[in-house]
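Biologist: I would like a close look at one part of this model, the aromatic side chains. Please take one pair in detail, then go on to the helices, strands and pocket.

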Amino acid sequence: MKKHLVLIEDEPAIRDNYRAAFERRGYRVSAYGDRASAYQALHQELPDLAIIDVGLGDEPEGGFLLCQDLRQLSMTLPIIFLTARDSDIDTVHGLRLGADDYVTKDMSIDHLLARITALLRRADAWAEALQKPDELLRRGRLTLNVDRMTVAWNDQPIDLTVTEFWMLHSLVRHPGHVRSRDQLMDAASTVLDDNTVTSHIKRIRRKFQQEDDQFDGIQTAYGMGYRWNAHEV
(Lines give C-alpha, C1' and ligand atoms only; values in the text may rest on other atoms or scores of the structure.)
Protein backbone atom coordinates (compact mmCIF):
# COMPACT_ATOMS: atom_id res chain seq x y z
CA MET A 1 0.00 0.00 0.00
CA LYS A 2 1.30 3.45 -0.90
CA LYS A 3 2.35 5.72 1.94
CA HIS A 4 0.00 8.68 2.35
CA LEU A 5 1.57 12.14 2.50
CA VAL A 6 -0.37 15.31 3.24
CA LEU A 7 0.98 18.57 1.84
CA ILE A 8 -0.31 21.91 3.16
CA GLU A 9 0.91 24.74 0.91
CA ASP A 10 -0.99 27.90 -0.03
CA GLU A 11 0.75 28.61 -3.37
CA PRO A 12 -1.04 26.50 -6.04
CA ALA A 13 1.94 26.22 -8.41
CA ILE A 14 4.33 25.17 -5.64
CA ARG A 15 1.74 22.78 -4.23
CA ASP A 16 1.22 21.12 -7.61
CA ASN A 17 4.96 20.81 -8.25
CA TYR A 18 5.63 19.07 -4.95
CA ARG A 19 2.55 16.88 -5.31
CA ALA A 20 3.73 15.71 -8.73
CA ALA A 21 7.25 15.05 -7.45
CA PHE A 22 6.00 12.98 -4.51
CA GLU A 23 3.57 11.03 -6.68
CA ARG A 24 6.36 10.19 -9.14
CA ARG A 25 8.19 8.60 -6.18
CA GLY A 26 5.20 6.37 -5.49
CA TYR A 27 3.45 8.23 -2.69
CA ARG A 28 -0.25 8.93 -2.38
CA VAL A 29 -0.61 12.67 -1.83
CA SER A 30 -3.43 14.82 -0.46
CA ALA A 31 -2.86 18.56 -0.79
CA TYR A 32 -4.54 21.52 0.90
CA GLY A 33 -4.13 25.27 0.58
CA ASP A 34 -5.24 26.47 4.00
CA ARG A 35 -5.21 25.47 7.64
CA ALA A 36 -8.97 25.01 8.07
CA SER A 37 -9.51 22.56 5.22
CA ALA A 38 -6.36 20.64 6.13
CA TYR A 39 -7.34 20.25 9.78
CA GLN A 40 -10.87 19.17 8.88
CA ALA A 41 -9.50 16.37 6.71
CA LEU A 42 -6.70 15.36 9.09
CA HIS A 43 -9.07 15.26 12.04
CA GLN A 44 -10.97 12.54 10.19
CA GLU A 45 -7.95 10.50 9.10
CA LEU A 46 -4.27 11.00 9.84
CA PRO A 47 -1.75 10.42 7.03
CA ASP A 48 1.60 8.66 7.31
CA LEU A 49 3.42 12.02 7.24
CA ALA A 50 2.51 15.73 7.08
CA ILE A 51 4.45 18.43 5.22
CA ILE A 52 3.43 21.96 6.23
CA ASP A 53 4.29 25.46 5.02
CA VAL A 54 4.52 28.07 7.78
CA GLY A 55 2.60 30.87 6.10
CA LEU A 56 -0.83 29.76 4.91
CA GLY A 57 -2.89 32.36 3.03
CA ASP A 58 -3.81 35.24 5.32
CA GLU A 59 -2.33 33.40 8.33
CA PRO A 60 1.42 34.20 8.50
CA GLU A 61 1.87 31.49 11.15
CA GLY A 62 -0.98 29.19 10.14
CA GLY A 63 1.41 26.28 9.75
CA PHE A 64 2.62 26.66 13.31
CA LEU A 65 -0.98 26.62 14.54
CA LEU A 66 -1.74 23.54 12.45
CA CYS A 67 1.30 21.74 13.86
CA GLN A 68 0.03 22.40 17.38
CA ASP A 69 -3.38 21.02 16.44
CA LEU A 70 -1.86 17.90 14.89
CA ARG A 71 0.28 17.22 17.94
CA GLN A 72 -2.91 17.19 19.98
CA LEU A 73 -4.19 14.45 17.68
CA SER A 74 -0.97 12.42 17.60
CA MET A 75 2.43 12.65 19.29
CA THR A 76 3.94 10.26 16.75
CA LEU A 77 2.78 11.60 13.38
CA PRO A 78 5.94 12.63 11.45
CA ILE A 79 5.74 16.37 10.69
CA ILE A 80 8.06 18.37 8.43
CA PHE A 81 7.94 22.12 7.96
CA LEU A 82 8.74 23.03 4.32
CA THR A 83 8.98 26.80 4.03
CA ALA A 84 10.78 29.76 2.53
CA ARG A 85 11.28 31.19 6.03
CA ASP A 86 14.81 30.26 7.05
CA SER A 87 15.46 32.26 10.22
CA ASP A 88 16.79 30.46 13.28
CA ILE A 89 13.87 31.86 15.29
CA ASP A 90 11.32 30.22 12.98
CA THR A 91 13.27 26.95 12.95
CA VAL A 92 13.48 26.75 16.73
CA HIS A 93 9.81 27.73 17.10
CA GLY A 94 8.73 25.01 14.67
CA LEU A 95 10.70 22.37 16.53
CA ARG A 96 9.40 23.57 19.89
CA LEU A 97 5.88 23.00 18.60
CA GLY A 98 6.74 19.36 17.97
CA ALA A 99 7.83 19.16 14.33
CA ASP A 100 10.37 16.47 13.52
CA ASP A 101 12.18 18.54 10.89
CA TYR A 102 12.29 22.06 9.44
CA VAL A 103 13.58 22.51 5.89
CA THR A 104 13.56 25.34 3.35
CA LYS A 105 12.22 25.26 -0.18
CA ASP A 106 15.66 25.70 -1.73
CA MET A 107 16.48 22.14 -0.62
CA SER A 108 16.70 19.66 -3.50
CA ILE A 109 13.78 17.30 -3.95
CA ASP A 110 16.11 14.31 -3.55
CA HIS A 111 17.34 15.58 -0.19
CA LEU A 112 13.79 16.25 0.95
CA LEU A 113 12.72 12.77 -0.13
CA ALA A 114 15.61 11.27 1.86
CA ARG A 115 14.29 12.98 4.99
CA ILE A 116 10.76 11.81 4.27
CA THR A 117 11.94 8.23 3.74
CA ALA A 118 13.91 8.27 7.01
CA LEU A 119 10.94 9.52 9.03
CA LEU A 120 8.57 6.97 7.46
CA ARG A 121 11.02 4.15 8.10
CA ARG A 122 11.25 5.19 11.73
CA ALA A 123 7.47 5.31 12.07
CA ASP A 124 7.22 1.77 10.65
CA ALA A 125 9.84 0.50 13.10
CA TRP A 126 7.96 2.04 16.02
CA ALA A 127 4.66 0.48 14.89
CA GLU A 128 6.35 -2.91 14.69
CA ALA A 129 7.85 -2.48 18.15
CA LEU A 130 4.39 -1.99 19.63
CA GLN A 131 3.68 -5.67 18.95
CA LYS A 132 6.45 -6.82 21.31
CA PRO A 133 6.53 -6.98 25.14
CA ASP A 134 7.40 -3.63 26.71
CA GLU A 135 11.10 -2.92 27.13
CA LEU A 136 11.92 -0.60 30.04
CA LEU A 137 15.15 1.34 30.45
CA ARG A 138 15.77 2.87 33.88
CA ARG A 139 18.48 5.33 34.86
CA GLY A 140 17.97 6.60 38.40
CA ARG A 141 14.96 8.93 38.34
CA LEU A 142 14.44 8.35 34.61
CA THR A 143 12.28 5.60 33.09
CA LEU A 144 11.95 5.00 29.35
CA ASN A 145 9.35 2.60 27.99
CA VAL A 146 11.02 1.83 24.69
CA ASP A 147 8.05 0.10 23.09
CA ARG A 148 5.39 2.61 24.09
CA MET A 149 7.85 5.48 23.65
CA THR A 150 6.97 7.07 26.97
CA VAL A 151 9.29 8.88 29.36
CA ALA A 152 8.96 9.58 33.07
CA TRP A 153 11.15 11.64 35.41
CA ASN A 154 10.52 11.18 39.12
CA ASP A 155 7.47 9.15 38.02
CA GLN A 156 6.07 12.20 36.21
CA PRO A 157 5.44 11.84 32.45
CA ILE A 158 7.53 13.90 30.02
CA ASP A 159 5.95 14.36 26.59
CA LEU A 160 8.54 13.96 23.84
CA THR A 161 8.17 13.77 20.09
CA VAL A 162 9.46 10.66 18.32
CA THR A 163 12.68 12.41 17.29
CA GLU A 164 13.29 13.65 20.82
CA PHE A 165 12.59 10.22 22.30
CA TRP A 166 15.16 8.39 20.18
CA MET A 167 17.81 11.04 20.74
CA LEU A 168 17.28 10.74 24.49
CA HIS A 169 17.31 6.95 24.24
CA SER A 170 20.69 7.08 22.48
CA LEU A 171 22.16 9.18 25.29
CA VAL A 172 20.65 7.16 28.11
CA ARG A 173 21.79 3.76 26.83
CA HIS A 174 25.42 4.55 27.66
CA PRO A 175 25.66 7.13 30.48
CA GLY A 176 28.81 9.23 30.35
CA HIS A 177 29.55 8.31 26.73
CA VAL A 178 29.52 11.18 24.25
CA ARG A 179 27.15 10.93 21.31
CA SER A 180 27.95 13.12 18.31
CA ARG A 181 25.23 14.93 16.39
CA ASP A 182 25.59 12.40 13.57
CA GLN A 183 25.07 9.54 16.03
CA LEU A 184 21.97 11.23 17.43
CA MET A 185 20.60 11.63 13.91
CA ASP A 186 21.24 7.95 13.23
CA ALA A 187 19.50 7.00 16.47
CA ALA A 188 16.46 9.04 15.46
CA SER A 189 16.54 7.61 11.91
CA THR A 190 16.42 11.05 10.40
CA VAL A 191 18.59 13.48 8.45
CA LEU A 192 19.07 16.86 10.12
CA ASP A 193 21.63 19.64 10.12
CA ASP A 194 23.69 20.34 13.24
CA ASN A 195 21.61 23.36 14.27
CA THR A 196 18.42 21.33 14.15
CA VAL A 197 19.94 18.61 16.33
CA THR A 198 21.01 21.28 18.81
CA SER A 199 17.47 22.69 18.85
CA HIS A 200 16.04 19.25 19.62
CA ILE A 201 18.45 18.78 22.54
CA LYS A 202 17.54 22.20 23.95
CA ARG A 203 13.87 21.33 23.68
CA ILE A 204 14.39 18.01 25.51
CA ARG A 205 16.23 19.78 28.32
CA ARG A 206 13.51 22.39 28.61
CA LYS A 207 10.80 19.77 28.97
CA PHE A 208 12.65 18.09 31.84
CA GLN A 209 13.40 21.44 33.48
CA GLN A 210 9.70 22.29 33.48
CA GLU A 211 9.25 19.26 35.74
CA ASP A 212 12.52 19.64 37.67
CA ASP A 213 14.37 22.96 37.56
CA GLN A 214 17.51 21.19 38.86
CA PHE A 215 17.61 18.76 35.94
CA ASP A 216 21.17 18.19 34.68
CA GLY A 217 20.81 14.87 32.92
CA ILE A 218 22.01 16.00 29.48
CA GLN A 219 25.48 17.50 29.37
CA THR A 220 27.20 19.21 26.44
CA ALA A 221 30.62 17.92 25.39
CA TYR A 222 31.77 21.04 23.54
CA GLY A 223 32.97 20.37 20.02
CA MET A 224 31.94 16.72 20.25
CA GLY A 225 28.27 16.27 21.13
CA TYR A 226 26.24 15.36 24.21
CA ARG A 227 26.26 12.79 27.02
CA TRP A 228 23.87 11.54 29.68
CA ASN A 229 25.14 12.53 33.12
CA ALA A 230 26.64 9.40 34.67
CA HIS A 231 25.57 10.66 38.11
CA GLU A 232 21.92 10.25 37.06
CA VAL A 233 22.10 6.44 36.90
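**Aromatic pairs and their setting**

Modeller: There are nine aromatic pairs in the structure. One of them joins Trp153 and Phe208. Their ring centres are 5.7 Å apart and the planes stand at 90 degrees, an edge-to-face arrangement. Please keep in mind that this is a predicted model.

The two partners come from distant parts of the chain, 55 residues apart. Trp153 belongs to strand S8, residues 150–153, and Phe208 belongs to helix H8, residues 194–211. The contact therefore links a strand to a helix.

As for solvent, Trp153 has a relative accessible area of 0%, and Phe208 also has a value of 0%. Buried means under 20% here, so Trp153 counts as buried and so does Phe208. The pair is also part of a wider group: ring pairs connect Trp153, Phe208, Phe215 and Trp228 into a cluster.

H8 leads on to the largest pocket, since H8, H4 and S5 each give at least two residues to the lining of that pocket. The lining has 13 residues in total. Lying nearest the centre are Asp88, Thr91, Asp193, Asn195 and Thr196. The volume of this pocket is about 260 Å³.

The other two contributors, H4 and S5, also share a fold element. Strand S4 (residues 79–83), helix H4 (residues 88–96) and strand S5 form a β-α-β unit, and the unit is right-handed. S4 and S5 pair in the parallel sense, with four bridges between them. Across this pairing, Phe81 is opposite Tyr102 of S5.

S5 runs over residues 101–104 and is covered on both faces. Asp101 and Val103 are buried on one side, while Tyr102 and Thr104 are buried on the other.

Helix H6, residues 162–173, is another covered element: 11 of its 12 residues are buried. The buried residues include the aromatic Phe165 and Trp166, and also Glu164, His169 and Ser170. From its first C-alpha to its last, H6 reaches 16 Å, close to the 16 Å expected at 1.5 Å a residue. Residues three or four places apart in an α-helix point the same way, because there are 3.6 residues a turn. In H6, Val162 and Thr163 at the start are buried, and Leu171 and Val172 towards the end are buried as well.

To return to your request, the pair to look at on screen is Trp153 with Phe208, edge-to-face, within the cluster that also takes in Phe215 and Trp228.

Methods
Residues are numbered from 1 along each chain as its sequence is written. This is a predicted model: local features need pLDDT of at least 70, side-chain atom pairs count only at pLDDT 80 or more; totals for chains, interfaces and linings use all residues. Side-chain values use heavy atoms; hydrogens and water are left out. The expected span of a helix is 1.5 Å times one less than its number of residues. Buried means under 20% relative accessible area, exposed over 50%, partly exposed in between (1.4 Å probe, protein chains only). Two strands pair if DSSP finds at least two bridges between them. A crossover is right-handed if, with the strands pointing away from the viewer, the path from the first strand over the helix to the second runs clockwise. Rings of Phe, Tyr and Trp (its six-membered ring) pair if their centres lie within 6.5 Å; planes under 30 degrees apart count as stacked, over 60 as edge-to-face and the rest as tilted. On a 1 Å grid over the protein atoms alone, a cavity is a set of points where a 1.4 Å probe fits but cannot get out, and a pocket is an open set with protein on both sides within 12 Å along at least five of seven lines; lining residues have an atom within 4 Å of a point. Grid points are joined across faces, edges and corners, and a volume is the space filled by probe spheres set on the points.
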